[in-house]
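Visitor: Please show me the structure, and allow me to ask how each term applied to it is justified.

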Amino acid sequence: MSEPTALSAELISLARELDKADELACLRTRFVLDDAVYLDGNSLGALPVAVPGRLADVLYREWGELRIRSWDESGWWTAPERIGDRIAPLVGAAPGQIVVGDSTSVNVFKAVVAAVRMADEDEAAREGATGGTGGTGGGGVGRRDEILVDATTFPTDGYLAESAARMTGRTLRPVTPAEVPAALSDRTAAVLLNHVDYRTGRLHDLPGLTAAVHEAGAYAVWDLCHSAGALPVGLDEHGVDLAVGCTYKYLNGGPGSPAYLYVRRDLQPRFDSPLPGWTSHTDPFAMRPAYEPAPGAVRGRVGTPDILSMLALEAALDVWYGWGGEGDGKDLGPAREAEAMIESVRAKSLALTDFFLRCVSAYVPEGRVECLTPTAHAERGSQVALRCDDAGDIMKRLIAQGVIGDFRHPDVLRFGFTPLYVSFTDVERAARVLAETLEGAA
Ligand SMILES: Cc1ncc(COP(=O)(O)O)c(C=O)c1O
């Protein structure tokens, strides 16, 4: 890195001041980090210090010594709901509505099909009440023959929505989130949306779009992969019907850690899973031939839980609990504490991305990169996406210099800001190295 200039000296000193004032700074020691600036927590979160010890205990004692007894004695069997309740405050959900398991992709499929089945049920009830003939009472598709999907979505959601549409006899209509209100009609059964765009970092209007979907009599399914753990989601408050998300990004659950499914409490009795595996049965060990779904969020389960990954995730979530015990004088109880923490995380996330944008515009010559991430706070997630033609090459060079972001085809540099462990000093350094790299490659 080159010698600091007057401009960089000023920004370096500002970064230090911001770090000193940062109430979350103490959490950085809860993660395994090195000298690199890690701005890829929106792809794979860093390893929490507590995880290896907990996993060793799961392996050597719970599996090695207790063996099959651990399904009961170590709480393995109920881990999907228990860990769901640990995630719940972070996404604004009361307990009993989130179940952990499977991948986001699988949960997208369950949620979209279940949403369409609820729409079918509504139509059948409406037909029954009015004595009409155009609905689904006869087993046909009826008037709600469309599923809307975010056209800008991470591809897996689009692929699965297409399969869900084919399976339920619907037409899939890709529209951008901005186009959703105009695209909604009494033909819409379900809408699959992303809270934060994986590529640009744009934050979509979850309350407004959910209300619009409901106004049209349809069901909203939200993908929270890029928002959970980075900003408040407010699932209960905004009446979201169904939501899914991964846990390996801002929740730091580890590579391939299980995803989660939220089913709003009042919809749970109507949640008709397209993957009704035996662990979602009301009495799985009765081994009955006839399927009878369990009550509550449990009916979102499918097969045997992936215990090693799941318990690594549970240990990783401890980062969100016990913050109040670290000397800031709050004594709120675990769920409130986690909710308060997500508010602080959001404030720091915006401060980090603001500071990054400021440093980039100070250091990088105008026109060398184009910012794809909205500058308005209300429209920004926790990442900054910069476009430039040589993005693939630039990201390789950045990584070689210890600034870890990622490249998204064909021309996007993505930088994710995890407020639990990214400092303002990291941000200034990343922008300075980026500017030098862009200059060196010009
Ligand atoms: C928005 C979004 N949805 C879904 C996925 C895929 O999830 P999974 O591979 O866990 O099924 C990702 C992965 O990064 C994602 O960013």
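Visitor: Which residues are around the ligand, and what makes a residue count as near?

Guide: This is a predicted model, in which local features need pLDDT of at least 70 and side-chain atom pairs count only at pLDDT 80 or more, while totals for chains, interfaces and linings use all residues. Residues are numbered from 1 along each chain as its sequence is written, and side-chain values use heavy atoms, with hydrogens and water left out. A residue is near a molecule if one of its heavy atoms lies within 4 Å of it. The residues around the ligand are Ser103, Thr104, Ser105, Phe154, Thr156, Asp157, Asn194, Asp223, Cys225, His226, Tyr248 and Lys249.

Visitor: What is the make-up of the shell by class?

Guide: The shell has three nonpolar, six polar and three charged residues. Here Ala, Val, Leu, Ile, Met, Phe, Trp, Tyr, Cys and Pro count as nonpolar, Asp, Glu, Lys and Arg as charged, and the others, Gly among them, as polar.

Visitor: Why is the pair formed by aspartate 223 and the ligand called a polar contact?

Guide: A polar contact is a pair of N or O atoms within 3.5 Å. A polar side-chain atom of aspartate 223 lies 2.7 Å from a nitrogen atom of the ligand, so the pair meets that cut-off. For aspartate 157, the distance from a side-chain N or O atom to a ligand nitrogen is 3.4 Å. Histidine 226 places a polar side-chain atom 2.8 Å from an oxygen atom of the ligand.

Visitor: Why is the radius of gyration of the chain said to agree with a compact globule?

Guide: The radius is taken over C-alpha atoms, and the globule rule is 2.2 Å times the number of residues to the power 0.38. For 442 residues, a compact globule would have a radius near 22 Å; the chain has 23 Å, which agrees. Its C-alpha trace spans about 75 × 55 × 40 Å along the principal axes.

Visitor: What makes aspartate 102 and proline 410 notable in their backbone?

Guide: Most residues other than glycine have a negative phi, and most peptide bonds are trans. Aspartate 102, not a glycine, has a positive phi of about 65 degrees. The peptide bond from histidine 409 to proline 410 is cis, with omega near 0 degrees.

Notes. Polar contact = N/O pair within 3.5 Å; in protein donor to acceptor, adjacent residues only side chain to side chain.
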